[in-house]
Amino acid sequence: MLACKHCRAKAIKNRHPNELTTEECFDLIDQISKLKPLLIITGGDPMMRDDLEDIVDYASQSLRVAVAFSGTKLANEDRLKALKKAGVHRIAISIDGSNAEKHDGFRGVKGSFHDSLNVIKTAKKLGIEFQINTTVTKENIYDLPNIAKLCSELDPALWDVFFLVPVGRAKAELMPNPQEFEDILCWLYDLNEMGLRVKSSAATHFRRIRIMRKKGEMPRVGDLYDWLRENTSIKINKSSEIDAKHKPRVGVTDGRGMLFISHIGDVYPSGFLPIKAGNVREQSVKEIYEKSKIFVDLKDPNNLRGKCGVCEYRFICGGSRARAYALTGDYLQAEPCCIYRPSALVEDKIRQ
């Protein structure tokens with residue numbers, strides 16, 4: 001079991017006695033299958049469930065199913081073979097440092113880097129599509145070019161870069177500052193242009209940066225951006241090249257096109273916004289998503305406050321509602337780690 005510094009949850013050794021049963025999971029899948037979402041089964045470590053393959057098999061009949069798990073020895077070749085047979089679309093493995101010392105220090109368990117690489121090696125051997133997830137913190141910012149190089153060598157379907165939200169064990173002091181967010185996101189755009197498929201999680205302003213850069217507008221970057229560019233050296237395999245079928249899900253964010261269901265059936269706008277909207281043992285998923293106050297609030301970007309509420313990018317971005325809640329106590333407040341100044345505010349200043 002890992003004890004990651006960034007985790008939203010407490011590290012527990014045993015499964016919860018009140019977790020959803022196999023049949024309850026099947027019922028949930030029936031409820032959401034009509035919406036045709038991407039179903040991501042995550043944890044902790046979902047490999048701790050001995051019915052995981054049964055759940056994936058049932059879900060894969062109607063949905064694309066991904067499994068994101070910790071790099072532990074539970075993800076052995078037999079389990080991965082079973083997941084492939086069950087119809088898993090993709091697996092996700094976390095790499096938070098470019099070597100064992102850095103990754104294991106972050107994950108809290110010696111040997112986890114080696115275990116994660118073994119999972120990737122086995123997935124490639126079995127022909128299972130995989131992606132690499134990385135959490136960006138103050139501790140690994142200057143290791144990002146090395147992690148990008150490792151990704152280019154391992155050739156994942158996607159590099160998903162998650163920007164820390166201070167919830168659970170994750171401390172606010174581990175979070176990059178707003179200018180560092182902008183610099184890293186601009187650098188990730190460059191990597192995409194070079195052919196390394198990259199997306200961001202909990203940093204929806206990457207969508208705004210994509211639009212600006214494609215129009216030839218360069219966001220306000222700092223010294224970190226220059227350093228990242230100067231220290232990046234990657235080689236892209238042909239299979240990593242961007243193709244038209246992998247388009248970003250523009251507009252999807254906490255509570256808007258997204259929801260999180262815990263192991264005991266509690267429903268949240270995302271795994272990092274800890275405001276319970278209901279429980280699937282008491283209400284249907286559809287009812288919770290359509291009628292609970294927090295989901296109703298979050299689905300309309302015009303409800304946003306501060307500069308996010310007047311930003312011209314609010315419908316495709318909207319900021320991290322989880323981070324706004326973590327740092328301000330108000331899930332509708334402006335994204336605390338975005339330095340962009342909306343045109344409406346600039347125009348008001350000019351008129352004044």
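**Exercise 1. Describe how helix H3 crosses helix H5, and then how H3 packs with helix H2.**

Solution. In this predicted model, the crossing of H3 and H5 is right-handed. To place the two helices, note that H5 covers residues 112-126, and that H3 and H5 pack with their axes 10 Å apart at an angle of about 45 degrees. The next step is to classify that angle: H3 and H5 are oblique to each other, because an angle counts as roughly parallel under 35 degrees and as roughly perpendicular from 65 to 115.

Now turn to the other pair, in which helix H2 (residues 52-59) packs with helix H3 (residues 77-86) at an angle of about 20 degrees, the axes being 8 Å apart. That angle makes H2 roughly parallel to H3. The handedness of the H2 and H3 crossing is again to be stated, and it is right-handed.

**Exercise 2. Work out the order of the strands in the sheet that contains E1, and find which strands stand at its edges.**

Solution. Begin with the general principle that strands of a sheet pair through backbone hydrogen bonds, in either a parallel or an antiparallel sense. Here six strands form an open sheet with parallel pairing, and their order is E1-E2-E3-E4-E5-E6. The edges are taken by strand E1 (38-41) and strand E6 (198-201), each of which has a single partner strand, so that one side of each is left without a neighbour in the sheet. On average, neighbouring strands of this sheet are turned by 25 degrees against each other, direction ignored.

The pairing can then be followed from the E1 edge, where E1 and strand E2 (residues 64-69) pair in the parallel sense over four bridges. Within this pairing, leucine 38 has arginine 64 of E2 as its bridge partner, while leucine 39 has valine 65 of E2. As for burial, E2 is mostly covered, since five of its six residues are buried.

**Exercise 3. Identify the pairings of strand E4 and decide whether its two faces are covered or open.**

Solution. On one side, strand E3 (residues 90-94) pairs with E4 in the parallel sense over four bridges, and isoleucine 91 stands opposite phenylalanine 130 of E4. On the other, five bridges join E4 to E5, and these two strands run parallel; here asparagine 133 stands opposite aspartate 160 of E5.

For the faces, recall that in a regular strand the side chains alternate between the two faces of the sheet. In E4, Phe130, Ile132, Thr134 and Val136 lie on one side and Gln131, Asn133 and Thr135 on the other, and all of them are buried, which leaves both faces covered. The count for the strand agrees, as seven of the seven residues of E4 (residues 130-136) are buried.

**Exercise 4. Characterise the ring pair formed by phenylalanine 163 and phenylalanine 181, and say which elements it links.**

Solution. The model holds eight aromatic pairs. In the pair of phenylalanine 163 and phenylalanine 181, the centres are 4.9 Å apart and the planes form an angle of 40 degrees, an arrangement that is tilted. Phenylalanine 163 belongs to strand E5 (residues 159-163) and phenylalanine 181 to helix H7 (residues 178-194), so the pair links distant parts of the chain, 18 residues apart. Finally, phenylalanine 163 and phenylalanine 181 are both buried.

**Exercise 5. Locate aspartate 155 and alanine 202, and set their phi values beside their exposure.**

Solution. The background is that most residues other than glycine have a negative phi. Aspartate 155 has a phi near 60 degrees, a positive value in a residue other than glycine, and this residue is found in the loop between helix H6 (144-154) and E5. With 18% relative accessibility, aspartate 155 counts as buried, because the cut-off for that class is under 20%.

Alanine 202 likewise has a positive phi, near 60 degrees, and is found in the loop between E6 and helix H8 (205-214). Its relative accessible area is 23%, which means that alanine 202 is partly exposed.

Notes:
Residues numbered from 1 in each chain as written. Predicted model: local features only at pLDDT ≥ 70, side-chain atom pairs only at ≥ 80, totals over all residues. Heavy atoms only, no water. Pairing = 2+ DSSP bridges. Axes fitted to C-alpha atoms, helices over the stretch in contact; angles between N-to-C directions. Phe/Tyr/Trp six-rings, centres within 6.5 Å; stacked < 30°, edge-to-face > 60°. Buried < 20%, exposed > 50% of the residue type's maximum accessible area, 1.4 Å probe, protein only. Parallel < 35°, antiparallel > 145°, perpendicular 65-115°, else oblique. Left-handed = near helix turned anticlockwise from the far one by under 90°.
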